[in-house]
Amino acid sequence: MNRRNALKNLGLFAGGMLLFPSCDFSDEKANIVLTKLSINSDQESLLNSIVDAILPEDDTPGGLFVKAHNFIWVYIDECTSEKDQQRFISGLNDFMTLANKKLGKKFAVYPHKERLAFLESNIQNSENNSIKGFLKTTKKLAVLCYMNS
């Protein structure tokens, strides 16, 4: 066997093995790439729905148009401590569970007025501090992004 061909094939094989772990074609993967956080498509979709409920599109562009949801993910990923990141994800997951339990369906399928009322009632009256903190942080960051866009 030719030594050059063997080394070439070995290099291609090693390069392929290095690339292979990053090739994840599952449906659960989120569209945004984050360095510290690991989120799935359900979490990403829920945050999109929350941002759309807080900043809906009408005569002016809404929160989704200015990509406030992406700003929130990047801000939480890069500008907060690991403890705050865990709190945010925990609040998101708790809110997802609560919304599915109380509403019976995914949060995103409800009309805007019902989503907004559900959000406001949980910001004001939630006994779960994790949910309350998550919603307040999300609202604050969405408005911050919107006002600076």
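**Notebook: a six-helix chain**

I looked up burial first: buried residues make up 32% of the 149 residues in the protein chain. I take buried as under 20% relative accessible area, exposed as over 50% and partly exposed as in between, with a 1.4 Å probe and protein chains only. This is a predicted model, where local features need pLDDT of at least 70 and side-chain atom pairs count only at pLDDT 80 or more, while totals for chains, interfaces and linings use all residues. Residues are numbered from 1 along each chain as its sequence is written, and side-chain values use heavy atoms, with hydrogens and water left out.

**Confidence**

I checked pLDDT, the predictor's confidence in each residue from 0 to 100. The mean for the protein chain is 86, and 89% of its residues reach 70 or more. By element, helix α1 (residues 3–19) has the lowest mean pLDDT, 72, and α3 the highest, 94.

**Fold and surface**

I counted six helices and zero strands in the protein chain. Helices (H or I, at least four residues) and strands (E, at least two) are DSSP runs, numbered from the N terminus. For contacts I use heavy atoms within 4.5 Å. Of the contacts between residues at least 6 apart in sequence, 62% join residues at least 24 apart. The accessible surface (Shrake-Rupley method, 1.4 Å probe; for residues, only the protein chains shown count as cover) comes to about 9900 Å² for the protein chain, and 55% of it belongs to carbon and sulfur atoms.

**Core**

I next looked up the largest nonpolar core, meaning a set of buried Ala, Val, Leu, Ile, Met, Phe, Trp, Tyr and Cys residues joined through side-chain atoms within 4.5 Å. This core has 32 residues, of which Ile50, Trp73 and Phe95 touch the most other members. Two or more residues come from each of α2 (41–54), α3 (68–79), α4 (82–103), α5 and α6 (129–147). The most come from α4, which gives seven. Leaving aside neighbours within four places in sequence, I find Ile50 in contact with Phe95, Phe107, Leu119, Phe134, Leu135 and Thr138.

**Helix α4**

I compared the span of α4 with the expected value, which is 1.5 Å times one less than the number of residues. For its 22 residues that should be 32 Å, and the end C-alpha atoms are 31 Å apart, which agrees. Its buried residues are Gln85, Phe88, Ile89, Gly91, Leu92, Phe95, Met96, Leu98 and Ala99. The spacing recalls a rule: an α-helix has 3.6 residues a turn, so residues three or four places apart point the same way. The cover over the buried residues of α4 includes α2, α3, α5 and α6. Just after α4, Gly104 takes a positive phi of about 85°.

**Single residues**

I looked at Thr138 in helix α6. Thr138 counts as buried because its relative accessibility is 0%. Not counting residues up to four places away in sequence, Thr138 touches Leu47, Ile50, Ile54, Ile72 and Phe88.

Asn122 sits in helix α5 (residues 112–125) and counts as buried, at 9% relative accessibility. I find its side chain reaching the backbone oxygen of Phe118 at 2.8 Å. With residues up to four places away in sequence not counted, Asn122 touches Phe95, Leu98, Ile131, Lys132 and Leu135.

Lys67 lies in the loop between α2 and α3. I noted a positive phi of about 60° there, although Lys67 is not a glycine. At 49% relative accessibility, Lys67 counts as partly exposed.

Methods:
A polar contact is a pair of N or O atoms within 3.5 Å; within protein, one must be able to donate a hydrogen and the other to accept it, and residues adjacent in sequence count only if both atoms are side-chain atoms.
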